[in-house]
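This report is written for a reader who meets the structure for the first time. Please keep the sequence and the model in view while reading.

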Amino acid sequence: MASLIKTNLPNDFLTNLGAYLQTCAYIELELAIVLTKVEPKREPSLTSQSPTNVTRPNKNEQSFPAFRKLAISRLLKRLKDSAKSLPDGLREELLAVCGYIENNKNHRHLATHGAFFLDRTTGLLRVNFFPVDGNFQSESESMQIGPNEIETTLDICDQTLRLVIDLRERIDVELARTN
């Protein structure tokens, strides 16, 4: 039996949506790797001990798995706080990337949590979603999305991933040079 979603949405849209979400995931992966390199090391501390979880790390744990589990806002905050350990040029680039991602994270939330519909009369997509604003009383929003917007958003996301990878590689070189 065919997937209901696959019968209601265009294949190229579903492919682009999947590519966009994976690109966002790779950006977060790369940023977590950067954080392992730039955040100053500190002593681990334990926040609780119980029979089921003897060593539950606190929210400031400094391991790659902990960094990967951070919400994007928290990851970006820790990157911005740690950027001061970098030389001026790299620091400014990392802060700019963090700012850009912070300003555009709602696109990812919309792609992840929005319910998409094809308007068969116009050929445009509609999306229904609740904005991530902490207001549980807010109404859902609905908007139309054209094919050019989808391609443009995916292209910008891909460029951001390439920029983050390049930045991580240059941070690696700088850290190898100074250590």
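The text below goes from the chain as a whole to helix packing, then to an aromatic pair and to single residues.

## The chain as a whole

The model described here is a predicted one. Its secondary structure comes to 6 helices and 5 strands, and these elements follow one another along the sequence in the pattern α-α-β-β-α-α-α-β-β-β-α. The chain has 179 residues, of which 31% count as buried. When contacts with a separation of 6 or more are considered, residues 24 or more positions apart account for 58% of them.

## Helix α2 and its two partners

Helix α2, which covers residues 11-38, packs against helix α5, residues 88-113, and the two axes come within 11 Å while crossing at roughly 145°. The crossing in which α2 passes α5 is left-handed. On the side of α2 the contact is made by L17, Y20, L21, C24, I27, E28, L31 and V34, and on the side of α5 by L94, I101, H107, R108, A111 and T112. Sorted by class, the residues of this contact are 10 nonpolar, 2 polar and 2 charged.

A second partner of α2 is helix α4, residues 72-82, and here the axes come within 10 Å and cross at roughly 35°. In this case too, α2 passes α4 in a left-handed crossing. The residues that α2 brings to the contact are E28, L31, A32, V34, L35 and V38, while α4 brings I72, L75, L76, R78, L79 and S82. The classes in the contact of α2 with α4 are 9 nonpolar, 1 polar and 2 charged residues.

## An aromatic pair

How many aromatic pairs are counted in the model? The count comes to 1 aromatic pair. Its rings belong to F13 and F116, whose centres are 5.0 Å apart and whose planes stand at 55°, so the pair is classed as tilted. Because F13 lies in helix α2 and F116 in strand β3, residues 115-118, the pair ties together parts that are 103 residues apart in sequence. Both F13 and F116 are buried.

## Four residues in their surroundings

The table gives the relative accessible area of four residues, each of which is then taken up in the text.

| Residue | Relative accessible area | Class |
|---|---|---|
| T160 | 9% | buried |
| T36 | 25% | partly exposed |
| S82 | 3% | buried |
| V164 | 1% | buried |

S82 has its place in helix α4, and it is one of the residues through which α4 meets α2. Leaving aside neighbours within four places in sequence, S82 is in contact with L35, V38, E39 and P40. The side chain of S82 also reaches the backbone oxygen of R78, at 2.9 Å. With a relative accessibility of 3%, S82 counts as buried because the limit for that class is under 20%.

T160 is found in helix α6, which covers residues 147-178. A polar atom of the T160 side chain lies 2.9 Å from the backbone oxygen of I156. Not counting residues up to four places away in sequence, T160 touches I27, Y100 and I101. Among these, I27 of α2 and I101 of α5 also take part in the contact between those two helices.

V164 lies in helix α6 as well. Its C-alpha atom and that of I27 are separated by 6.8 Å, although the two residues are 137 residues apart along the chain. Beyond the neighbours within four places in sequence, V164 is in contact with I27, E30, L31 and V97. I27 and L31 have already been named among the α2 residues that meet α5.

T36, finally, is placed in helix α2. Is T36 buried or partly exposed? At a relative accessible area of 25%, T36 is partly exposed, because the value lies between the limits of 20% for buried and 50% for exposed. The C-alpha atoms of T36 and Q62, which are 26 residues apart along the chain, are separated by 7.2 Å. Setting aside its neighbours within four places in sequence, T36 is in contact with K41, F64 and F67.

Conventions. Residues are numbered from 1 along each chain as its sequence is written. This is a predicted model: local features need pLDDT of at least 70, side-chain atom pairs count only at pLDDT 80 or more; totals for chains, interfaces and linings use all residues. Side-chain values use heavy atoms; hydrogens and water are left out. Axes are lines fitted to C-alpha atoms, for helices over the stretch in contact, and angles run from 0 to 180 degrees between N-to-C directions. Helices (H or I, at least four residues) and strands (E, at least two) are DSSP runs, numbered from the N terminus. A crossing is left-handed if the near helix is turned anticlockwise from the far one by less than a right angle, and right-handed if clockwise. Contact means heavy atoms within 4.5 Å. Ala, Val, Leu, Ile, Met, Phe, Trp, Tyr, Cys and Pro count as nonpolar, Asp, Glu, Lys and Arg as charged, and the others, Gly among them, as polar. Buried means under 20% relative accessible area, exposed over 50%, partly exposed in between (1.4 Å probe, protein chains only). A polar contact is a pair of N or O atoms within 3.5 Å; within protein, one must be able to donate a hydrogen and the other to accept it, and residues adjacent in sequence count only if both atoms are side-chain atoms. Rings of Phe, Tyr and Trp (its six-membered ring) pair if their centres lie within 6.5 Å; planes under 30 degrees apart count as stacked, over 60 as edge-to-face and the rest as tilted.
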